[in-house]
Amino acid sequence: MIEASKHLIGVHDFTSFSKGIPDSPVREVKKIEFEQKEDLIEIVFEGKSFLRHMVRIMVAVLVEVGKGNLKPEDVLEIREARDRKKAPFLAPPDGLYLVKVHYCKIRALTTSPSEADSLSSPRIKRAFEFTRG
């Protein structure tokens with residue numbers, strides 16, 4: 001499962017791992033971690049955003065690899081196919097939890113205090129600095 005999960009990490013088109021047709025199926029999965037807890041395997045996904053059912057489909061595919069029904073390289077083929085029918089698995093929602101949300105801090109850069117008072121200023125709209133918090 002760990003080897004198979006490496007095919008999901010990074011910026012990819014996740015059409016095969018989504019329900020419906022998203023406007024933009026490209027997402028970044030930053031990290032996938034596995035932790036054995038007695039007879040339970042906890043899988044933690046970290047990413048900027050996810051498609052509808054994306055995590056449930058990825059979990060189901062990884063479980064199929066763990067059961068021996070798929071090979072780790074099959075995950076790459078499924079991802080590259082960009083076809084939902086290639087990953088007809090869907091893990092149940094039971095046990096799926098959103099653990100944490102990280103928000104970016106936004107700070108407006110201004111040239112004068114009077115501009116800071118007006119969010120409608122075109123100069124303010126063009127001068128946002130995004131920093132990760």
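Reader: How much area does the protein chain expose, and what share of it do carbon and sulfur atoms supply?
Author: Accessible areas here come from the Shrake-Rupley method with a 1.4 Å probe, and for residues only the protein chains shown count as cover. The protein chain exposes about 9,500 Å². Of that area, carbon and sulfur atoms supply 53%.

Reader: What pLDDT does the protein chain average?
Author: You're looking at a predicted model, where local features need pLDDT of at least 70, side-chain atom pairs count only at pLDDT 80 or more, and totals for chains, interfaces and linings use all residues. Residues are numbered from 1 along each chain as its sequence is written, while side-chain values use heavy atoms and leave out hydrogens and water. pLDDT is the predictor's confidence in each residue, on a scale from 0 to 100. In the protein chain, 78% of the residues score at least 70, and the average is 84.

Reader: Which residues have pLDDT below 50?
Author: Where pLDDT is low, the predicted coordinates should not be read in detail. The stretch in question has 27 contacts in the model beyond near neighbours in sequence, a contact being heavy atoms within 4.5 Å. The residues are 119–133.

Reader: What pattern of helices and strands does the protein chain follow?
Author: Helices (H or I, at least four residues) and strands (E, at least two) are DSSP runs, numbered from the N terminus. There are five helices and five strands in the protein chain. Reading along the sequence, you get α-β-β-β-α-α-β-α-α-β.

Reader: Which element gives the most to the largest nonpolar core?
Author: A nonpolar core is a set of buried Ala, Val, Leu, Ile, Met, Phe, Trp, Tyr and Cys residues joined through side-chain atoms within 4.5 Å. This one has 23 residues, and Phe 14, Phe 17 and Phe 45 are among those with the most contacts inside it. β2 (26–37), β3 (40–47), α2 (54–67) and α3 each supply at least two of its residues. With nine residues, the top contributor is α2.

Reader: Which salt bridge partner does Arg 82 have?
Author: Side chains of opposite charge can pair when their charged atoms come close. A salt bridge means a side-chain nitrogen of Lys or Arg within 4 Å of a carboxyl oxygen of Asp or Glu, and the whole structure has six. Arg 82 sits in the loop between α3 and β4 and its partner in strand β1 (residues 10–13), so the pair ties together parts that are 69 residues apart in sequence. The closest N and O atoms are 3.1 Å apart, and the partner is Asp 13.

Reader: Is Asp 13 buried or exposed?
Author: Buried means under 20% relative accessible area, exposed over 50%, and partly exposed in between (1.4 Å probe, protein chains only). Asp 13 has a relative accessible area of 17%, so it counts as buried.

Reader: In the salt bridge of Glu 64 and Lys 67, how far is N from O?
Author: The two are three residues apart in helix α2, so about one helical turn separates them. Glu 64 is buried at 14% relative accessible area, whereas Lys 67 is exposed at 58%. Their N to O distance is 3.9 Å.

Reader: Which residues form a nonpolar patch on the surface?
Author: Patches take residues with over 30% relative accessible area and no salt bridge, joining like charges within 9 Å and nonpolar side chains (Val, Leu, Ile, Met, Phe, Trp, Tyr) within 5 Å. One member lies in the loop between α3 (72–81) and β4 (104–108), and at 45% relative accessibility that residue, Val 101, is partly exposed. Together the patch has about 400 Å² of accessible area, and its members are Leu 98, Val 101 and Tyr 103.
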